[in-house]
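Got the viewer open? Here's a short walk through the model, one selection at a time.

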Amino acid sequence: MRAVYNNSCLSARNRLTYHDDRYTRLTPATYEAWAQLERESGQQLVYKPGILQLALKGETDVIMEEYATAMDRHHIPYDRLSSEQLRARYPQFTPPPNMVALYQKDGGLVDAALGNSTHVQLARGNGAVVLDLCPVLKISRTADGKMEVVTTKATFTCQRVIVTAGAWINRVLGSIGVQLPITVTQEQVTYFATPHIRDFTKDKFPVWIYHAKTNDFYGLPIYSNSGAKIGIDASGPVVTTDTRTFTPDPERVNACRQLLRDILPNVSGALACPYLRLSTLSHLTPPVIVALGVTVSDVFDCPYGLAPTHT
Ligand SMILES: Cc1cc2nc3c(=O)[nH]c(=O)nc-3n(C[C@H](O)[C@H](O)[C@H](O)COP(=O)(O)OP(=O)(O)OC[C@H]3O[C@@H](n4cnc5c(N)ncnc54)[C@H](O)[C@@H]3O)c2cc1C
C-alpha cells in the first residue's frame with residue numbers, strides 16, 4: 001500500500017565504502033541485489049563513474065582515515081590522490097593545494113526513480129498487488145494473533161506487516177503504541193546548471209563527497225536532467241511531517257554555490273532547482289518489520305527485498 005507523500009529522488013549515490021564498518025559490510029550485497037534487478041528487468045540502473053572522498057589536509061583527517069581503514073579491512077581497492085593528481089585525473093576540479101582525495105572506482109549512482117518503478121513492476125509480475133494512493137490509517141492485532149491493516153480503501157488481514165513509511169513511520173506505528181526514536185530533518189538538494197554539460201556527465205565525472213569541518217557536501221554527475229546535483233548531508237532543520245515546508249533555504253544554496261565556485265567553478269552557473277526531501281536519522285524491529293532507510297540509503301532498499309523475513 002502506498003501513500004502520496006513524495007520523497008523520491010532521481011539519482012542516489014552508490015558505493016562500496018562508508019566510514020562505518022556496519023554499512024561497509026552490507027555494501028557488496030547492495031551491488032549484487034541491484035545486479036539481480038538489472039538482470040531480471042533488462043534495464044540499466046547502476047552506473048559506476050567512481051567516487052571521490054575529498055578533504056583538506058589537517059581538517060577532517062580522522063574521517064578520511066575511517067573511510068580508508070574500512071576499505072582496507074574489506075579489501076576494497078582505492079587510490080590516494082594529492083591535489084595535483086586529482087586535478088590531473090579530473091580537470092573539472094580546481095582543488096586547493098592542501099586538498100587530498102580517496103578514489104574508489106566502483107562507486108557511482110543508482111537511478112533511484114527508475115529503480116523504484118522497476119521494483120514495483122517486477123513485484124506485480126511476481127503476483128504482488130500494489131495499491132497506489134492507499135495510505136495506511138492504522139495497524140492492529142486481531143484476537144487470533146493476525147495483523148490487521150486499515151487503509152483508506154479497505155481493511156486487510158495478514159500474518160506479517162512490513163512497514164516502510166520513512167519519516168511518516170510513527171504515524172503508522174503509533175496505532176500499535178510504538179514510537180521509534182527517529183529524528184526527521186528537512187533536507188534539500190540543488191541542481192546547478194552548467195554550459196559545460198559534457199564535462200559533468202557520468203562518463204567523465206565521478207560522484208564526490210567533500211568532508212568539510214562541519215558537514216559533508218556531496219555531488220553527483222548530471223543524470224536525468226541538465227544540472228549537476230549537490231547537497232549538504234544531514235544539515236537541515238529538525239521538522240515533523242506536519243511542519244516540514246517546501247521552501248528552499250537560501251543559506252544552504254549559497255553554501256553549495258560557494259563550494260562549487262571554489263572547487264568546481266564550471267558548475268556554479270544558474271540555479272536549476274532546489275528540491276526538498278525528508279530524512280530520518282535512526283532505527284528498530286518485529287512481528288511488524290520496519291524497513292527504514294535512515295539517512296544513508298536509497299541503495300540499501302534493493303537488498304531489503306532479499307532479506308529473510310524471520311522475526
Ligand atoms: C536529500 C537527500 C539525499 C539523499 N541522497 C542519498 C544518496 O545519494 N544515496 C542513498 O543511497 N541515499 C540517499 N538518501 C537517503 C535515501 O533517500 C533514504 O534512505 C531512502 O529514501 C529511505 O527510504 P525509505 O523507503 O525508508 O523512506 P522513503 O523513501 O521516505 O519512503 C517512505 C514512503 O512511505 C510512504 N508512506 C508514508 N506514510 C504512509 C502510509 N500511512 N501509508 C502508506 N504509505 C506511506 C511515503 O509516501 C513514501 O513513499 C538521501 C536522502 C535525502 C533526504
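Where does W168 lie? Select it and look at the chain on either side: W168 sits in the loop between strand 10 (161-163) and helix 5 (169-173). Despite being in a loop, W168 is buried, because 20 other C-beta atoms lie within 10 Å and 20 or more is what counts as buried. Now add L278 to the selection. The C-alpha atoms of W168 and L278 are 9.6 Å apart, although 110 residues separate them along the chain.

**Zoom out**

Keep in mind that this is a predicted model. Colour by secondary structure and you'll have seven helices and 16 strands to look at. The protein has 311 residues, and 31% of them count as buried. Among contacts with a separation of 6 or more, 69% are between residues 24 or more positions apart.

**Helix 2**

Next, select residues 61-73, which make up helix 2. Its 13 residues reach 18 Å from the first C-alpha to the last, close to the 18 Å expected at 1.5 Å a residue. Show side chains for M64, Y67 and A70, the buried residues of this helix. They cover an arc of only 125° around the axis, so they end up on the same side of helix 2. The general rule behind this is that an α-helix has 3.6 residues a turn, so residues three or four places apart point the same way.

What covers those buried residues? The cover includes helix 1 (21-41), strand 3 (51-56), strand 5 and strand 12 (207-211). Spin the view to the face turned away from the buried side of helix 2, and you'll meet the exposed residues V62, D72 and R73.

**Two loop residues with positive phi**

Step just past helix 2 to H75, in the loop that leads to strand 4 (79-81). Phi of H75 is near 55°, a positive value in a residue other than glycine. H75 counts as exposed because it has 6 C-beta neighbours inside 10 Å.

Then jump to S224, in the loop between strand 13 (216-220) and strand 14 (227-232). S224 is not a glycine but has a positive phi too, near 70°. With 15 C-beta neighbours inside 10 Å, S224 counts as partly exposed.

**The nonpolar cores**

Select L54, A101, W208, A228 and I230. These are the residues that touch the most other members of the largest nonpolar core, which has 48 residues. Strand 5 (residues 99-104) gives the most to this core, with five residues. Centre on I230 and leave aside its neighbours within four places in sequence: I230 is in contact with V189, T190, F192, F217, G219, C256 and L260.

A second, separate core has ten residues, including V136, I169, V172 and V184.

**A three-stranded sheet**

Last stop: show strand 7 (136-141), strand 8 (147-151) and strand 9 (155-158). In what order do the three strands form their open sheet? The order is 7-8-9, and the pairing is antiparallel. Strands 7 and 9 stand at the edges with a single partner strand each, so one side of each has no neighbour in the sheet. From one strand to the next, the twist averages 20°.

Zoom in on the pair formed by strands 8 and 9, which four bridges join. Finish by selecting M147 and C158: M147 stands opposite C158 in strand 9.

Key: Residues numbered from 1 in each chain as written. Predicted model: local features only at pLDDT ≥ 70, side-chain atom pairs only at ≥ 80, totals over all residues. Pairing = 2+ DSSP bridges. Axes fitted to C-alpha atoms, helices over the stretch in contact; angles between N-to-C directions. Buried ≥ 20, exposed ≤ 12 C-beta atoms within 10 Å, placed from the backbone. Contact = placed C-beta atoms within 7 Å. Core = buried A, V, L, I, M, F, W, Y, C linked by C-beta atoms within 7 Å. Expected span 1.5 Å × (residues − 1). Arc of directions from axis to C-beta.
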